[in-house]
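User: I would like to learn how to read burial, overall form and chain contacts from a structure. Please take me through one case.

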Number of protein chains: 2
Amino acid sequence: MLTMKDIAEELGVSVSTVSLVLNDRDRGRVRQDIADRVRARAEELGYVPNLLARGLKTRRSRTIGLVADKVATVPFAGQMLAGAQSAAWEEGYLLMVIDTGGNRELDGPATRALLQRDVEALVIAADYHREVSVPPHPRSVPAVVLDGRPADGDPADAVVPDDEGGARAATEHLIAAGHRRIGLVNIAGGTFVASELRRRGYQDAHTRAGLPLDPSLEWSVPDPSTPTSFGLARTVLQGPDRPTAVFCFSDQIALAFAQVAATLGIRVPEDLSLVGFDNQHFVADAMLPGLTTVQLPHFAMGEWAARRAIARLHGAADESGVLERIPCAVVERASVSPPPSP
Amino acid sequence: MLTMKDIAEELGVSVSTVSLVLNDRDRGRVRQDIADRVRARAEELGYVPNLLARGLKTRRSRTIGLVADKVATVPFAGQMLAGAQSAAWEEGYLLMVIDTGGNRELDGPATRALLQRDVEALVIAADYHREVSVPPHPRSVPAVVLDGRPADGDPADAVVPDDEGGARAATEHLIAAGHRRIGLVNIAGGTFVASELRRRGYQDAHTRAGLPLDPSLEWSVPDPSTPTSFGLARTVLQGPDRPTAVFCFSDQIALAFAQVAATLGIRVPEDLSLVGFDNQHFVADAMLPGLTTVQLPHFAMGEWAARRAIARLHGAADESGVLERIPCAVVERASVSPPPSP
């Protein structure tokens with residue numbers, strides 16, 4: 001049976017390089033010519049992932065159940081599923097997914113339906129970083145919360161993005177480019193754990209750089225979608241003494257600012273620098289100029305959740321109640337430049 | 001057990017209204033006050049979909065296997081899964097999904113892995129409308145192709161969008177607004193079945209309206225993403241005698257045209273009308289002004305595929321080899337107006 005390791009050895013590259021390429025995650029991480037060689041060789045040799053290549057040899061289901069909140073309407077849900085599936089396959093497991101369509105009342109029934117189909121472990125995925133009630137399940141079936149924190153002292157392991165670190169890095173990126181009047185467009189109210197964390201990161205970057213915080217540069221909108229930000233973008237960009245840079249809670253909000261700026265004759269990045277959050281491919285790459293943003297590590301979180309569930313299943317993880325924070329790196333495109341001269 | 005029918009009867013609305021609301025598909029289809037009442041009542045009564053509410057009473061798996069091409073990277077894949085899951089639940093089945101990440105060599109192994117887990121029927125989903133080789137499977141396990149056509153005379157049923165009808169409707173919408181110079185931005189080469197079908201629809205609308213076809217108004221780009229269209233958009237919009245309207249193969253291409261138009265001081269829709277295709281929520285709704293486009297019926301196709309698989313499983317579908325075409329309707333937003341006076 002041909003493995004990723006065989007391909008790696010034959011081509012003299014690392015196994016993780018082969019894994020990135022065969023999971024279509026090589027862009028910006030693996031040199032194009034190497035990726036091409038890995039793909040060509042895998043195809044020539046008829047590479048098939050471990051799990052799919054072999055039959056079921058035991059009576060165990062070798063299946064992990066994943067309860068997802070909103071696969072259909074949240075654009076990054078697919079990356080979490082892909083990450084969880086990728087890690088599960090490497091360990092010889094399939095993933096069985098039920099999407100509750102965002103109706104949290106269904107988490108319990110969905111979990112029972114998966115347990116009836118003999119899943120060996122559970123991943124409970126939220127649609128955004130928040131508290132999650134883990135449905136009742138037998139002790140023998142480990143549960144991991146994905147993109148959320150278990151509520152009420154539940155001992156489940158969990159994985160979340162490092163929102164605070166990501167926001168700090170984004171703000172430091174703007175400070176390093178020379179900006180001193182940096183706006184923050186956040187989400188109002190207490191819906192998102194991430195909004196408080198990202199605000200802390202934004203403020204912390206200022207404090208560490210010895211810069212004063214100006215509360216008049218902090219704004220908020222009701223949700224992270226584009227249309228709800230058009231009005232605020234007009235207010236901010238037409239206001240007196242506007243910021244030279246804006247750090248937005250989401251790429252979609254940054255898209256609103258970019259479009260409104262264009263109608264006002266404000267050039268990005270010459271007149272206004274923009275940084276988003278999420279690295280939503282279909283938004284950040286689609287903007288003119290391309291949007292500098294922060295990677296929400298959905299694929300990596302999905303991988304971590306599945307690996308952790310399987311490790312616990314095999315008794316390989318001692319502690320429980322671990323909360324893993326995955327770093328969120330700045331992804332540079334073309335929407336940041338030094339501020340215009342005053 | 002409380003059903004959708006009970007809620008419908010109690011509130012004096014149709015079952016399909018309740019289904020639209022409880023599947024979060026009511027926007028633009030069901031009046032807001034009615035949707036609110038349905039949601040409130042369902043929550044009050046603790047409504048749980050049929051399948052999830054009951055246990056497995058037979059030794060059958062009551063599971064349908066779905067092999068998906070690219071859940072993670074194709075933004076509408078989630079809608080196909082949600083549609084298939086919704087129909088499966090109504091019939092008392094769960095959906096088990098394997099994503100091959102776009103590697104078609106894995107279709108066979110993925111299908112075998114699902115069959116080993118006793119799925120009763122198979123749905124093979126493509127990432128876009130194309131020919132699909134249905135992997136070998138027992139005759140007793142019906143297979144349906146979703147968003148594709150079975151290759152090589154395979155007798156599987158299949159469901160695809162009516163690309164030609166959708167493109168005709170989009171072009172007729174522009175003609176009705178008064179446009180006579182309507183550009184078409186299509187995808188080059190033979191990759192997409194849809195590009196030839198949409199071209200036919202565009203041309204047919206002209207012919208039916210008695211308008212001449214001008215080949216100099218047909219352009220193409222290598223793929224449906226935004227960045228590959230920036231260059232063409234500049235050429236088209238800065239060229240002599242530019243079209244008054246452009247019908248784009250995808251919403252993402254329309255986003256490229258809108259952004260380039262903004263940098264050139266060309267106003268949408270006053271100076272240039274735009275129509276897209278897909279109704280990708282995060283693009284069409286995010287544009288300023290909102291994009292008039294054509295609905296790719298991914299949810300409806302997913303529903304059809306799961307229903308058909310289950311009907312065949314129960315011997316309720318006689319014919320095989322049915323190719324179902326789902327209509328693609330124009331979704332009006334704000335990117336179309338009459339052409340500017342010459």
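User: What percentage of the residues of chain A count as buried?

Analyst: A residue is buried if 20 or more other C-beta atoms, placed from the backbone, lie within 10 Å of its own. In chain A, 52% of the 342 residues meet this criterion. This is a predicted model: local features need pLDDT of at least 70, side-chain atom pairs count only at pLDDT 80 or more, and totals for chains, interfaces and linings use all residues. Residues are numbered from 1 along each chain as its sequence is written, with chains lettered from A and ligands numbered from 1 in the order in which they are written.

User: Which residues have the most contacts inside the largest nonpolar core?

Analyst: In soluble globular proteins, nonpolar side chains tend to be buried together. A nonpolar core is a set of buried Ala, Val, Leu, Ile, Met, Phe, Trp, Tyr and Cys residues joined through C-beta atoms within 7 Å. Here the largest has 191 residues, and Val123(A) and Val123(B) have the most contacts inside it. Beyond four places in sequence, Val123(B) touches residues including Ile64(B), Leu66(B) and Val144(B); contact requires C-beta atoms, placed from the backbone, within 7 Å.

User: What box do the C-alpha atoms of chain A fill?

Analyst: Along the principal axes, the box is roughly 70 × 50 × 35 Å.

User: How many residues of chain A are in contact with chain B?

Analyst: 49 residues of chain A contact 49 residues of chain B. Elements giving two or more residues to that side of chain A include helix 5 (77–90) and helix 10 (251–263); helices here are DSSP runs of H or I with at least four residues.

How values were computed: Buried ≥ 20, exposed ≤ 12 C-beta atoms within 10 Å, placed from the backbone. Contact = placed C-beta atoms within 7 Å.
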